[in-house]
Amino acid sequence: MNLVQRIALPLAAALLLAAPGPARAAGDWNDAQIQWRSYADGLAEAKKESKPICLIFYTDWCPHCANYSKVFHDPKVVAEAKGFVMIRLNGDQEKELSKQFAVDGAYIPRTFFLSSAGKLDESIHAPRDKFKYFYDEANPASVLAGMEAAKAKLK
């Protein structure tokens, strides 16, 4: 092995090891305890069981989404989720639905509450003037308040 090969091979190996791997889903959305549905399956289930819908748009590359995913490990959120049909959609993969639900912009994550018939209730949102459907990504109380309002209003 000549000098160039002795230098180039370890350098190439180091570069390969340092290269990023395949993209991973943003966060851990607690799939073990929350039954996330597709949009079509969720709408059918909500209608059949007369449950309101909690619809979340996220993307794999979003750091806010990764933070927000942790909220769904909170025991109170897990308990409340049982009263909803939970739908989580990747906004990059579900572009048409994401556009349909871009009520005040296409930012992510966005969380909406819909009736069992699939009708969006725009009045249920986080307590803010801008980015109304962006719930606090670090505090479960924020989305819990939305869930409580949805349960009271969307029976």
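**Notes on the fold, sheet and cores**

1. Let's start with a specific contact: the side chain of Trp36 comes to 3.0 Å from the backbone oxygen of Trp29. Please keep in mind that this is a predicted model. Trp36 sits in strand β1, and because its relative accessibility is 15%, under the 20% cut-off, Trp36 counts as buried.

2. The surroundings of Trp36 are worth a look in your viewer. Setting aside residues up to four places away in sequence, Trp36 touches Trp29, Asn30, Asp31, Ile56, Phe72, Met86, Ile87 and Arg88. Cys54 lies 18 residues from Trp36 along the chain, and the C-alpha atoms of the two are 9.8 Å apart.

3. Now for the overall layout. The protein has six helices and four strands, and from the N terminus these follow one another as α-β-α-β-α-α-β-α-β-α. Of its 155 residues, 42% count as buried. Among contacts with a separation of 6 or more, 78% join residues 24 or more positions apart.

4. How are the four strands ordered in the sheet? The order is β1-β3-β2-β4, in an open sheet with mixed pairing. β1 (36-37) and β4 are the edge strands; each has a single partner, so one side of each is left without a neighbour in the sheet.

5. Within the sheet, β2 and β3 are paired in the parallel sense through six bridges. Phe57 stands opposite Leu89 of β3. Helix α2 (residues 39-49) packs on the sheet, where it touches β1, β2 and β3, and its direction makes about 165° with that of β3.

6. Helix α6 also meets the sheet: α6 lies across β3 and β4 and runs at about 15° to β4. Its 14 residues reach 20 Å from first C-alpha to last, close to the 20 Å expected at 1.5 Å a residue. At the start of α6, a side-chain oxygen of Asn139 comes to within 3.0 Å of the backbone nitrogen of Ala141.

7. Which residues of α6 are buried? They are Pro140, Ser142, Val143, Leu144, Gly146, Met147 and Ala150. The cover over these buried residues includes α3, α4, β3 (85-90) and β4 (110-114).

8. On to the nonpolar cores. The largest has 26 residues, and the members touching the most others are Trp29, Tyr68, Phe72, Met86, Phe113 and Met147. Two or more residues come from each of β2 (53-58), α3 (63-69), α4 (75-81) and α6 (140-153). The largest share is that of α6, with four residues.

9. Trp29, whose backbone oxygen appeared in the opening point, deserves its own entry. Beyond residues up to four places away in sequence, Trp29 touches Trp36, Ile56, Tyr58, Cys65, Tyr68, Ser69, Phe72, His73 and Arg88. There is also a second, separate core of 16 residues, with Ala46, Leu89, Tyr107 and Leu114 among them.

10. One last residue to check is Ser98, found in helix α5 (residues 95-100). Is Ser98 buried or exposed? Ser98 is buried, because its relative accessible area is 9%, under the 20% cut-off. Apart from neighbours within four places in sequence, Ser98 is in contact with Phe57, Gly91 and Arg110. Phe57 is also the residue that stands opposite Leu89 in β3.

Technical notes: Residues are numbered from 1 along each chain as its sequence is written. This is a predicted model: local features need pLDDT of at least 70, side-chain atom pairs count only at pLDDT 80 or more; totals for chains, interfaces and linings use all residues. Side-chain values use heavy atoms; hydrogens and water are left out. A nonpolar core is a set of buried Ala, Val, Leu, Ile, Met, Phe, Trp, Tyr and Cys residues joined through side-chain atoms within 4.5 Å. Buried means under 20% relative accessible area, exposed over 50%, partly exposed in between (1.4 Å probe, protein chains only). Contact means heavy atoms within 4.5 Å. The expected span of a helix is 1.5 Å times one less than its number of residues. A polar contact is a pair of N or O atoms within 3.5 Å; within protein, one must be able to donate a hydrogen and the other to accept it, and residues adjacent in sequence count only if both atoms are side-chain atoms. Two strands pair if DSSP finds at least two bridges between them. Axes are lines fitted to C-alpha atoms, for helices over the stretch in contact, and angles run from 0 to 180 degrees between N-to-C directions.
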